[in-house]
Amino acid sequence: MVDAKTQAILDFLQSQAEAKPELLEMFTQMGDLYARKLWHQLTVLLESFFLQAAAAELLIPIYETFVTDFKHRLNRLALSRLQVCVAKQYKESEKLLFFGNTIAEDAKKDDCQSSIYILSELACLLLELDCEEQSKQRLDEATKLMDSTAGVEMSVQAAYYRAWSAYFKLKGPAHEFYKHALLLLAYSPLGEMGEEEARTISFDLGIAALVGEKLYNFGELLEHPVVSVLEQTESAWLALLLRAFNAGDIDQYEMLVAQYHTQLESQPTLLSNTNFLKEKITLMCLAETLFERIGPAADRVVSFAHIAAATRLPVDQVELLLMRALSLKLIRGVIDEVDQKFDVAWVQPRVLQMSQIELMSERLTSWTGTVGKTLAFLEDETPEFN
């Protein structure tokens, strides 16, 4: 015998099914699971239902009439995800009210995970409403909880890094956006994103890699599916530009600037960093030039003239370039101003391209041969130690 409250819920679900016949099967399952009090199975079904495009206009009444009846029985994080889906259906003026009065109060009853998730989603909403300071406050709260919580679920991690990425995209600096966007992709791969979001974050990552002041090594990005996404769109020029920078190829860079000047001029961020980009490609060219002198049996002493030829700078500017690279900790070594040479000791580690791996292999082979010859010589000269 079904009680009056349960019957009212089942009648409500039936009326919704009649309004959306394409969702009839899911509504029937909801009614069955609700009547049998199978809350876990009902939660899984609801999460799937709330993501259906056809169900968007029904989310508010379904939440208010159906979900609120048993929300205390649901997993708190799952409930938070459902509530965020509902919040997105409200008008802009009502979203914050729903977050503050409904979602936040429910999240407080749980462990930290749902609170992190809600704070992250709220921070994104506040950014959309141009409330940057309030958004930062929510993100700082989420960070404190994140630092004190172990085993955070991937969906929570994704929401957290998505919110920080959105904040740094708006407020900068570029290298912080770059770091947090890559972390977002670790928890929410491009293949799981919508097509538009995947294209947007790939493009934004490419721009951030170029203009980021602390980013002189983005081989990791070039190995990421982000580049494949760029290459399949009208932004393929950005992928080419990234490869030129990573290789420190000034000739390729200047050719691309000339070939794609229209696309480059349409990007205010790149236009406002023209001088910085020129300095950056020069520094990356220097790093590549010195990398060729690193390794066993390599000649680590590089003349200013050689550096000037590689970087297309006057010889009298090479010392300043080396000092700049040393200050950025891209290289280590000793500058000999008198003899105009640089003794390179170290170049910033990076993700190597195949040609660079082949060069290192050749150096190691040469070094192994030299060590073998030295050992043989010592054995011949000191037979008493054999």
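Start by selecting helix 9, helix 10 and helix 11: each of these supplies at least two residues to the lining of the second largest pocket. Keep in mind as you look around that this is a predicted model.

Now colour helix 11 on its own. With five residues, helix 11 makes the largest share of the lining of the second largest pocket. The volume here is about 240 Å³. To find the middle, select Lys169, Asp204, Ile207, Ala208 and Thr269, which are the closest to the centre among the 14 lining residues. If you colour this lining by residue class, you will see eight nonpolar, three polar and three charged residues.

Next, move on to the largest pocket, which holds about 990 Å³ of space. Which residues should you click to land at its centre? Try Lys88, Glu121, Cys124, Arg162 and Glu197, which lie nearest the centre out of 33 lining residues.

Then bring up the helices around the largest pocket. Select helix 3 (39–50), helix 5 (76–87), helix 6 (92–107) and helix 7 (112–128), then add helix 9 (154–171), helix 10 (174–187) and helix 11 (195–211); each gives at least two residues to the lining. Which helix supplies the largest share of the lining of the largest pocket? Highlight helix 9, and you have the eight residues that make up that share.

For a last view, colour the lining of the largest pocket by residue class: 18 residues are nonpolar, five are polar and ten are charged.

Note on methods
Residues numbered from 1 in each chain as written. Predicted model: local features only at pLDDT ≥ 70, side-chain atom pairs only at ≥ 80, totals over all residues. Heavy atoms only, no water. 1 Å grid on protein atoms, 1.4 Å probe; cavity = no way out; pocket = protein on both sides within 12 Å on 5 of 7 lines; lining within 4 Å. Points joined across faces, edges and corners; volume = space filled by probe spheres on them. Helix = DSSP H or I, 4+ residues; strand = E, 2+ residues; numbered from the N terminus. Nonpolar A, V, L, I, M, F, W, Y, C, P; charged D, E, K, R; others polar.
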